[in-house]
Amino acid sequence: QVQLVESGGGLVQPGGSLRLSCAASGSIFSINAMGWYRQAPGKQRELLATITNGGRTNYADSTKGRFTISNDNAKNTIYLQMNSLKPEDTAVYYCNAAIRLTTSRSVIRNYWGQGTQVTVSS
């Protein structure tokens with residue numbers, strides 16, 4: 001099967017920066033796209049940014065230019081660089097991937113990582 005593992009979360013002061021990583025592994029034929037989401041207690045899970053295998057990116061308005069998504073295709077890994085962090089950025093951050101599992105183009109599944117906690121506080 002496929003596993004997604006996030007890392008890089010932690011405690012940071014307001015105005016600080018963090019860089020999250022998400023590595024995909026397992027029975028992967030190819031990856032169509034990956035993205036970052038976050039969810040705070042009592043709130044809906046929120047899409048932050050996506051990136052295709054070819055490097056095309058898309059961002060939610062909520063990022064306000066502070067976040068940057070990137071990829072390393074050789075490692076099946078994506079990153080989220082977060083700058084100018086605010087207390088309202090506190091949430092569990094999740095990685096998602098749309099993965100082709102076999103030679104059949106119709107066999108595409110979405111996978112989620114376990115999440116990594118980001119806490120922005122002084």
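A nonpolar core is a set of buried Ala, Val, Leu, Ile, Met, Phe, Trp, Tyr and Cys residues joined through side-chain atoms within 4.5 Å. In this predicted model, the largest such core has 28 residues. The residues with the most contacts inside this core are Leu4, Met34, Trp36, Ile78, Leu80, Met82 and Tyr93. Many strands contribute. At least two core residues come from each of β1 (2-7), β3 (18-26), β4 (30-39), β5 (46-52), β7 (67-72), β8 (77-82), β9 (91-100) and β11 (116-120). Strand β9 gives the largest share, with five residues.

Methionine 82 illustrates the packing. Residues up to four places away in sequence are not counted here. Methionine 82 then touches Gly16, Ser17, Leu18 and Leu20. Its other partners are Arg66, Phe67, Tyr93 and Val118.

The overall fold was examined next. The chain has eleven strands and zero helices. Its pattern along the sequence is therefore β-β-β-β-β-β-β-β-β-β-β, with strands defined as DSSP runs. The C-alpha trace spans about 50 × 25 × 25 Å along its principal axes. The radius of gyration is 14 Å. A compact globule of 122 residues would have a value near 14 Å, so the chain agrees with that expectation. Of the 122 residues, 38% count as buried. Contacts were also sorted by distance along the sequence. Among those with a separation of 6 or more, 54% join residues 24 or more positions apart.

Arginine 38 belongs to strand β4. Its relative accessible area is 9%, which means that arginine 38 is buried, as the cut-off is under 20%. Two polar contacts involve its side chain. One, of 2.9 Å, reaches the side chain of aspartate 89. Another, of 3.0 Å, reaches the side chain of tyrosine 93. Tyrosine 93 is also among the residues with the most contacts inside the largest nonpolar core. The wider surroundings of arginine 38 were listed without its neighbours within four places in sequence. They include Gln44, Arg45, Glu46 and Leu48. Ser62 and Phe67 are in contact as well. So too are Asp89, Ala91, Val92 and Tyr93.

Aromatic rings were then searched across the whole structure, and two pairs were found. Tyrosine 37 and tryptophan 112 form an edge-to-face pair. Their ring centres lie 4.8 Å apart, with 65° between the planes. Tyrosine 37 is in strand β4 and tryptophan 112 is in strand β10 (residues 108-112), so this pair ties together parts 75 residues apart in sequence. Tyrosine 94 and tryptophan 112 also pair edge-to-face. Here the centre-to-centre distance is 6.5 Å and the angle between the planes is 85°. Tyrosine 94 lies in strand β9 and tryptophan 112 in strand β10, so the pair links parts 18 residues apart in sequence.

Tyr37, Tyr94 and Trp112 thus make up one aromatic cluster, as rings pair if their centres lie within 6.5 Å. Exposure was computed for two of its members. Tyrosine 94 has 15% relative accessibility and counts as buried. Tryptophan 112, at 39%, is partly exposed.

Arginine 45 meets both of these rings. It lies over the face of tyrosine 94, 3.9 Å from the ring centre. Its charged end also sits over the ring of tryptophan 112, at 4.7 Å from the centre. Arginine 45 is also in contact with arginine 38.

Terms used. Residues are numbered from 1 along each chain as its sequence is written. This is a predicted model: local features need pLDDT of at least 70, side-chain atom pairs count only at pLDDT 80 or more; totals for chains, interfaces and linings use all residues. Side-chain values use heavy atoms; hydrogens and water are left out. Buried means under 20% relative accessible area, exposed over 50%, partly exposed in between (1.4 Å probe, protein chains only). Helices (H or I, at least four residues) and strands (E, at least two) are DSSP runs, numbered from the N terminus. Contact means heavy atoms within 4.5 Å. A polar contact is a pair of N or O atoms within 3.5 Å; within protein, one must be able to donate a hydrogen and the other to accept it, and residues adjacent in sequence count only if both atoms are side-chain atoms. Rings of Phe, Tyr and Trp (its six-membered ring) pair if their centres lie within 6.5 Å; planes under 30 degrees apart count as stacked, over 60 as edge-to-face and the rest as tilted. A charge sits over a ring if NZ of Lys or CZ of Arg is within 6 Å of the ring centre and within 35 degrees of the ring normal. The radius of gyration is taken over C-alpha atoms; the globule rule is 2.2 Å times the number of residues to the power 0.38.
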